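Visitor: I am new to this structure and would like a close look at a single part. Please take me through the nonpolar core and what lies around it.

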Amino acid sequence: MTTNTEQQVLLAMSGELSPAQQEELEAKLRESNAATLYREQAERIMSDARQHLSDAAPAPESIANIIHQARTMRRGIIIPFPQPVVRAIAGAAALALFVTSWLALTSTTPTSSPVDDLHTIVAMVSEQDDFFQNNAELAERERMLALARQLLIMEGFTEETNGEEDEALLFEVLEPTSLQLNNTSASPQEIYG
Amino acid sequence: MDQSDAELISRYREGDIDALERLVERHRRPLYGYIIRMGRVGTDADEVFQEVWLRAIRKMTRYRQKNFLGWLMRIAHNHVIDESRRKRALLTLDEPLESGEARIAHVASADATPCEQVVDEELGSRIEAAVTCLPEEQKEVFLLRTKMDLPFKEIAKIQHVSINTALARMQYALAKLRDILTDDYAAMSRTT
């Protein structure tokens with residue numbers, strides 16, 4: 001009998017042979033008395049060992065101590081939410097951390113630069129049509145927009161331009177007389193009291 | 001109805017300590033028996049038993065195996081190995097005894113070894129003594145296979161060896177037991 005057959009016998013006893021291997025072994029066992037004897041002896045020794053090797057048990061205090069310590073450990077990590085909720089919160093927190101880190105790493109300008117502020121003002125003024133009540137105010141708005149756009153172009157922060165029209169308005173705005181807000185007739189005293 | 005190990009673990013993870021208690025109760029005897037037979041002389045089996053369970057509890061949130069007893073025995077195996085390494089580091093044979101005699105003189109005794117005494121005992125005691133005589137790796141495979149009914153695939157994982165090595169160790173263990181318990185098992189070969 002070969003070592004391989006002995007190993008097959010042991011694997012058959014532990015239920016680890018495939019049906020095909022099992023059939024192959026059965027054929028060998030039919031042909032070989034040595035293989036049959038090996039299986040009988042192995043089964044007998046293992047069965048005797050199972051039956052006669054004493055099954056000592058640990059002291060009940062040991063089990064009580066394990067449970068006590070498990071309870072203490074459990075208290076330390078107790079979470080008042082079901083696991084799916086905890087997972088969702090942890091996932092959201094991780095995502096927020098990732099996005100913040102990514103923005104911080106990829107951002108090359110401060111979060112609130114003067115140029116950003118200028119862009120914001122341009123956007124706000126462009127959208128707030130209702131804020132400007134009369135033609136004079138609307139004209140002033142156009143001048144302010146033109147000035148802001150030209151400043152952005154001159155500083156190289158944007159390429160958007162309305163061409164000559166904006167440029168003309170810019171020079172008009174930069175005229176000393178224009179800077180006195182000449183579209184309103186009110187004197188500073190009337191305005192500020 | 002008896003709940004499976006997997007169900008009890010799941011309940012414990014949800015905070016049910018009673019489920020853990022049932023799990024400890026279910027596996028206390030095989031684990032304790034293994035510790036007694038595999039632990040070195042002077043090892044406090046109850047202490048090791050508790051330590052193995054506490055290690056298992058700490059790892060239980062990450063438990064993904066199919067065979068809980070196999071997983072538990074892997075923890076026990078690693079713990080027993082750690083303990084024996086620690087004890088070996090503390091005890092050197094060069095160190096003399098308090099009496100001044102060399103420690104090594106007491107290791108090899110002229111008295112009959114347990115393996116030679118087995119003939120005078122009852123079958124249970126003879127088997128127990130014969131198993132004690134097996135080399136550690138073979139004894140471990142034999143115990144895991146017979147007392148815990150673990151498959152060789154799982155035993156190989158516990159011992160960090162191939163399934164063929166685990167099988168070979170079992171073959172050697174059976175051959176040695178047959179030799180030691182020759183009066184009990186030789187009759188089988190004569191009658192067949």
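Guide: What follows goes from the core to a pair of helices and then to the contact between the chains. The model is a predicted one. Its largest nonpolar core has 54 residues. The residues with the most contacts inside this core are Leu31(B), Ile35(B), Phe49(B), Met73(B), Ala76(B), Leu144(B) and Met170(B). Helix α2 of chain B, residues 17-38, gives the most to the core, with eight residues.

Take Phe49(B) from that list. Leaving aside residues up to four places away in sequence, Phe49(B) touches Leu31(B), Tyr32(B) and Ile35(B) in chain B, and Pro58(A) and Ser62(A) in chain A.

Next come two helices of chain B. Helix α7 (residues 136-146) and helix α9 (residues 163-180) have axes that come within 8 Å and cross at roughly 95°. Angles of 65 to 115 degrees count as roughly perpendicular, so α7(B) is roughly perpendicular to α9(B). On the α7(B) side, the residues that meet α9(B) include Val141(B), Phe142(B) and Arg145(B). On the α9(B) side, they include Arg169(B), Met170(B) and Tyr172(B). By class, this contact has six nonpolar, one polar and four charged residues.

Last is the contact between the chains, where 36 residues of chain A meet 37 residues of chain B. On the side of chain A, the elements that give two or more residues are α1 (3-13), α3 (33-52) and α4 (60-76). Of these, α3(A) gives the most, with 11 residues. That side of chain A has 17 nonpolar, 10 polar and nine charged residues.

Conventions: Residues numbered from 1 in each chain as written. Chains lettered and ligands numbered in written order. Predicted model: local features only at pLDDT ≥ 70, side-chain atom pairs only at ≥ 80, totals over all residues. Core = buried A, V, L, I, M, F, W, Y, C linked by C-beta atoms within 7 Å. Buried ≥ 20, exposed ≤ 12 C-beta atoms within 10 Å, placed from the backbone. Helix = DSSP H or I, 4+ residues; strand = E, 2+ residues; numbered from the N terminus. Contact = placed C-beta atoms within 7 Å. Axes fitted to C-alpha atoms, helices over the stretch in contact; angles between N-to-C directions. Parallel < 35°, antiparallel > 145°, perpendicular 65-115°, else oblique. Nonpolar A, V, L, I, M, F, W, Y, C, P; charged D, E, K, R; others polar.
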